[in-house]
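Subject: The structure for you to look at

Dear colleague,

Here is the structure I promised to hand over, with its sequence, so that you can have both open while you read. My notes on what was found in it follow below.

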Amino acid sequence: MLEAFGVPALVKTITWDVIAWNRAAACVLTDYGQLPYSQRNVLRRLFLDPQVREMQADWQTVARLVVNAFRADVARQGNRQKRRA
């Protein structure tokens, strides 16, 4: 299904571990299949991998946007859990 998208696409867990990706994502972002499972986390790669950091023209802005998106995902997940209870 991911290959049907004409753009890079990822499936990630609530903690942003990447569990699926398409070829476009492998070409443009990272080929997660070449990484051990322990290194398939978007946040860890952004903050701990110097190469990923160097690839960003404005790393601070990218980091801020990614952290805000992560917080929004966690907040949405929390709201889902509350509705189920």
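A salt bridge, as the word is used here, is a side-chain nitrogen of Lys or Arg within 4 Å of a carboxyl oxygen of Asp or Glu. By that rule the side chains of arginine 76 and aspartate 73 form a salt bridge, with 2.2 Å from N to O. Please keep in mind throughout that this is a predicted model, and that the values below are computed from it.

Let me begin with the overall layout before coming back to the charged pairs. The protein has four helices and two strands, and, read from the N terminus, these elements follow the order β-β-α-α-α-α. Its C-alpha atoms fill a box of roughly 40 × 30 × 25 Å along the principal axes. Of the 85 residues, 25% are buried, and the protein exposes about 6300 Å², of which carbon and sulfur atoms supply 57%. If you take the contacts between residues at least 6 apart in sequence, 25% of them join residues that are at least 24 apart.

The two strands come at the start of that order. Strand S1, residues 10-12, pairs with strand S2, residues 18-21, in the antiparallel sense and over three bridges, and within this pairing lysine 12 has valine 18 of S2 as its bridge partner. Five residues lie between the strands of this hairpin, and tryptophan 16 is found in that loop. You may want to look at its backbone, since the phi of tryptophan 16 is near 70°, which is a positive value in a residue other than glycine.

Is tryptophan 16 buried or exposed? With a relative accessible area of 6%, tryptophan 16 is buried, because the limit for that word is under 20%. In soluble globular proteins, nonpolar side chains tend to be buried together. In this model, the largest nonpolar core has 11 residues, among them Trp16, Val18, Tyr32, Leu46 and Trp59. Two elements, helix H2 (42-48) and helix H4 (59-84), give two or more residues to this core.

Two members of the core can be followed a little further. Tryptophan 59 lies in helix H4 and is buried, with a relative accessible area of 15%. Once its neighbours within four places in sequence are left aside, tryptophan 59 is in contact with Leu46, Phe47 and Arg53. The C-alpha atoms of tryptophan 59 and leucine 46 are separated by 8.9 Å, although these residues are 13 apart along the chain. Tyrosine 32, when residues up to four places away are not counted, touches Leu10, Val18, Trp21, Arg40, Val42 and Arg45.

Some nonpolar residues are found on the surface instead. Leu10, Val28 and Leu29 form a nonpolar patch there, and together they have about 250 Å² of accessible area. One of them, valine 28, is in helix H1, residues 23-28, and counts as exposed, with a relative accessible area of 56%.

Now back to the charged side chains. Side chains of opposite charge can pair when their charged atoms come close. The search of the whole structure finds five salt bridges. In one of them aspartate 73 pairs with lysine 12, with the closest N and O atoms 3.5 Å apart; because aspartate 73 lies in helix H4 and lysine 12 in strand S1, the pair ties together parts that are 61 residues apart in sequence. Aspartate 73 counts as buried at 16% relative accessibility, whereas lysine 12, at 34%, counts as partly exposed.

How does the pair of arginine 76 and aspartate 73 lie along the chain, and what separates them? They are three residues apart in helix H4, so about one helical turn separates them. Arginine 76 counts as partly exposed, at 43% relative accessibility. Lys12, Asp73 and Arg76 are thus linked in a network of salt bridges.

A further salt bridge joins the side chains of arginine 44 and aspartate 17, at 3.9 Å from N to O. Arginine 44 lies in helix H2 and aspartate 17 in the loop between S1 and S2, so this pair ties together parts that are 27 residues apart in sequence. Arginine 44 is partly exposed at 46% relative accessibility, and aspartate 17 is partly exposed as well, at 25%.

With best wishes

Definitions and conventions: Residues numbered from 1 in each chain as written. Predicted model: local features only at pLDDT ≥ 70, side-chain atom pairs only at ≥ 80, totals over all residues. Heavy atoms only, no water. Pairing = 2+ DSSP bridges. Patch = residues over 30% accessible without salt bridge, like charges linked within 9 Å, V, L, I, M, F, W, Y side chains within 5 Å. Areas by Shrake-Rupley, 256 points an atom, 1.4 Å probe, with all protein chains shown as cover. Buried < 20%, exposed > 50% of the residue type's maximum accessible area, 1.4 Å probe, protein only. Core = buried A, V, L, I, M, F, W, Y, C linked by side-chain atoms within 4.5 Å. Contact = heavy atoms within 4.5 Å.
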